[in-house]
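Colleague: I would like to go through some of the labels used for this structure. Please show it to me before we start.

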Amino acid sequence: MNLKKYLVRALHRLQKGPGYTYKELLVWYCDNTNTHGPKRIIKEGPKKKLIWFFLTLLFASLVFWQWGILINTYLSYNVTSSLSIGFKTMKFPAVTICNANPFKYSEVKPLLKELDRLIEAALERILQPGNGSENLSPSLNLELWNQIPLVLIDEHDKDNPVILDIFETNQTAVGNKTALDTETSGSQLPALCPQCSQQGSDNCTYRNFSSAAQAVSEWYILQSTSILSKVPLHERIRMGYQAEDMILACLYGAEPCNYKNFTQIYHPDHGNCYIFNWGMDEEALNSSNPGAEFGLKLILDISQQDYIPYLSSAAGARLMLHQQKSFPFLKDQGIYAMAGTETSIGVLVDELERMGYPYSDCTMNGSDVPVKNLYSQYNTSYSIQACLRSCFQNHMVEICGCGHYMFPLPEGVNYCNNEDSPGWAYCYSSLRSSIKQRQICIDSCKETCNDTQYKMTISMADWPSEASEDWIFHILSYERDMSTNVTLDRNGIIKLNIYFQEYNYRTISESAATTIVWLLSSLGGQFGFWMGGSVLCLIEFGEIIIDSLWITIINLIGWCKGLRQRRARYPDAPPTVSELVEAHTNLGFQPEPPGAVARAEALPPEPGTPPPNYDSLRVQPLDTLGPDSDAD
């Protein structure tokens with residue numbers, strides 16, 4: 001019951017309102033607020049009242065302007081970077097080593113035999129333009145050439161360049177000549193590699209090269225990609241360099257190791273690659289001390305004599321240092337180690353710690369990235385390189401109908417080749433040069449929030465020396481081939497030393513430049529400086545706002561009640577003046593028109609007592625009454 005009474009009183013209080021008018025409420029606020037300025041407005045004379053009103057309005061505007069700037073600065077979510085240096089025992093990085101040449105030429109030569117004969121004939125035509133097309137070998141298969149031909153451009157006349165076909169093919173471009181028929185064929189000409197949407201189509205793109213060597217290399221890579229894409233993966237692994245043949249010696253710190261301590265993966269650019277300390281099957285190794293004596297020492301044999309002559313023009317080992325469980329992108333982040341040298345690599349560690357949303361658009365594990373990570377089949381962690389390549393491959397599958405040989409494939413998709421997808425080279429070239437496609441992938445992919453980078457200091461020296469090469473090559477040849485003959489030479493041997501220079505590591509971390517504490521203190525400082533206010537002043541201002549709304553609501557409720565009452569009295573349209581007059585007219589005092597029905601017939605009898613009907617009321621003389629009057 002007490003609760004009910006309390007609720008009833010509260011309801012009556014709400015219906016009653018604050019009991020002020022707007023003017024009374026404003027005067028009360030100015031007289032009682034703790035903010036400087038409003039009191040002077042109501043207590044000073046007319047002139048000072050106007051001055052104080054202007055000053056109060058001006059400083060209030062400045063406060064709101066400063067508040068807007070501060071809130072906008074906070075919502076921009078800026079960050080500050082700090083650098084700290086620490087000292088600790090660190091995990092040794094994962095080390096990936098590959099051969100610069102992806103396959104042994106002795107193993108892959110049967111697949112590339114026709115391509116090699118074709119490129120040799122093309123080089124002969126470029127270097128000896130006097131030989132006519134009749135000197136071509138009759139067994140030369142020009143099918144590969146017709147799919148992606150290699151041409152030269154005569155630009156002596158810049159306005160009318162002439163396309164010079166190295167071989168006499170069925171190409172139908174305007175102004176075509178053979179290299180034999182032109183007088184300028186012996187001069188240096190920029191080479192082009194045309195890629196057409198379909199064989200014999202005029203919808204072609206031409207890639208300019210400043211040297212025929214670059215054009216021949218690019219042409220050979222495109223053709224070999226088409227051939228090797230049809231080879232099963234296990235066959236490509238077999239044709240590559242095996243770990244037991246490539247890794248001759250291994251030592252980590254004071255502990256011996258061998259090729260069995262490396263994890264093999266297949267890399268499209270470099271064939272078989274081997275990763276030390278990847279951390280997939282066992283715990284990552286820690287480095288006991290900094291210095292060359294406590295690092296990884298390797299002796300490699302790259303077998304340079306078995307290189308593919310037209311596919312790989314660089315000789316050496318390709319290596320990369322990276323985090324555990326991350327995929328090595330050697331083409332972008334790897335370095336070369338030259339044959340016949342001892343390469344020492346000193347490592348320093350940088351740890352990057354970025355703030356996530358809303359301060360930056362980084363990701364912790366790639367789960368919020370809209371691109372399907374094709375490198376997840378290796379069970380590796382997310383990286384922006386994997387995202388960009390996966391994005392490109394997904395676009396190529398969607399647009400070209402097949403995948404590029406250099407990237408992993410989505411399920412149910414095949415690699416591109418000249419037989420199944422004749423226009424794949426044109427589609428790939430157009431997609432690779434598309435700025436729109438690159439921007440889509442850049443916008444879709446995100447940097448990782450936490451990353452570890454390895455800074456390397458590289459030094460090299462000839463190895464082995466002339467004085468020691470004889471016994472070193474004898475021992476290494478015997479250990480690998482069990483032969484007393486020397487089977488190794490300086491052109492294929494590489495020695496690597498990889499170690500931490502020091503245990504000092506740098507941490508580059510981001511922190512919020514503006515926090516909620518900074519925002520509140522800045523807002524309060526501006527309010528106190530310009531108007532001498534505080535949080536209580538804001539509460540007072542909120543109170544007057546609530547009272548004003550309360551009064552407004554009470555007034556609206558009263559107006560709505562009055563409107564509803566008027567509508568209840570006159571449910572239809574309000575009566576006119578004539579209708580009101582007619583309603584108050586007494587019809588009994590109105591003259592009856594001629595021919596009207598008698599009132600007794602027209603109106604029902606009026607209720608009431610009839611008038612008396614007594615004989616005594618008759619006015620008659622007394623002498624007219626007879627003796628029988630009483631009887632009557």
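Modeller: A salt bridge here is a side-chain nitrogen of Lys or Arg within 4 Å of a carboxyl oxygen of Asp or Glu. Keep in mind that this is a predicted model.

Colleague: What makes Asp-269 and Lys-331 a salt bridge?

Modeller: Their side chains meet at 3.9 Å, N to O, and the cut-off is 4 Å, so the pair counts. Asp-269 lies in the loop between strand 12 (262-267) and strand 13 (271-276), and Lys-331 in helix 10 (residues 330-333), so the pair ties together parts that are 62 residues apart in sequence.

Colleague: Why is Lys-331 called exposed?

Modeller: Its relative accessibility is 58%, and exposed means over 50%, so the label fits.

Colleague: How do you know that Lys-446 is buried?

Modeller: Lys-446 has a relative accessible area of 15%. Buried means under 20%, so Lys-446 qualifies. The side chain of Lys-446 also meets that of Asp-361 in a salt bridge of 3.5 Å, N to O.

Colleague: Why are Glu-114 and Arg-117 called partly exposed?

Modeller: Glu-114 has a relative accessible area of 31%, and Arg-117 is at 28%. Partly exposed is the range between under 20% and over 50%, so both belong there. Both residues lie in helix 5 (residues 105-127), 3 residues apart, about one turn of the helix, and their side chains form a salt bridge of 3.4 Å, N to O.

Colleague: How many salt bridges does a search of the whole structure find?

Modeller: The search finds 13.

Notes:
Residues are numbered from 1 along each chain as its sequence is written. This is a predicted model: local features need pLDDT of at least 70, side-chain atom pairs count only at pLDDT 80 or more; totals for chains, interfaces and linings use all residues. Side-chain values use heavy atoms; hydrogens and water are left out. Helices (H or I, at least four residues) and strands (E, at least two) are DSSP runs, numbered from the N terminus. Buried means under 20% relative accessible area, exposed over 50%, partly exposed in between (1.4 Å probe, protein chains only).
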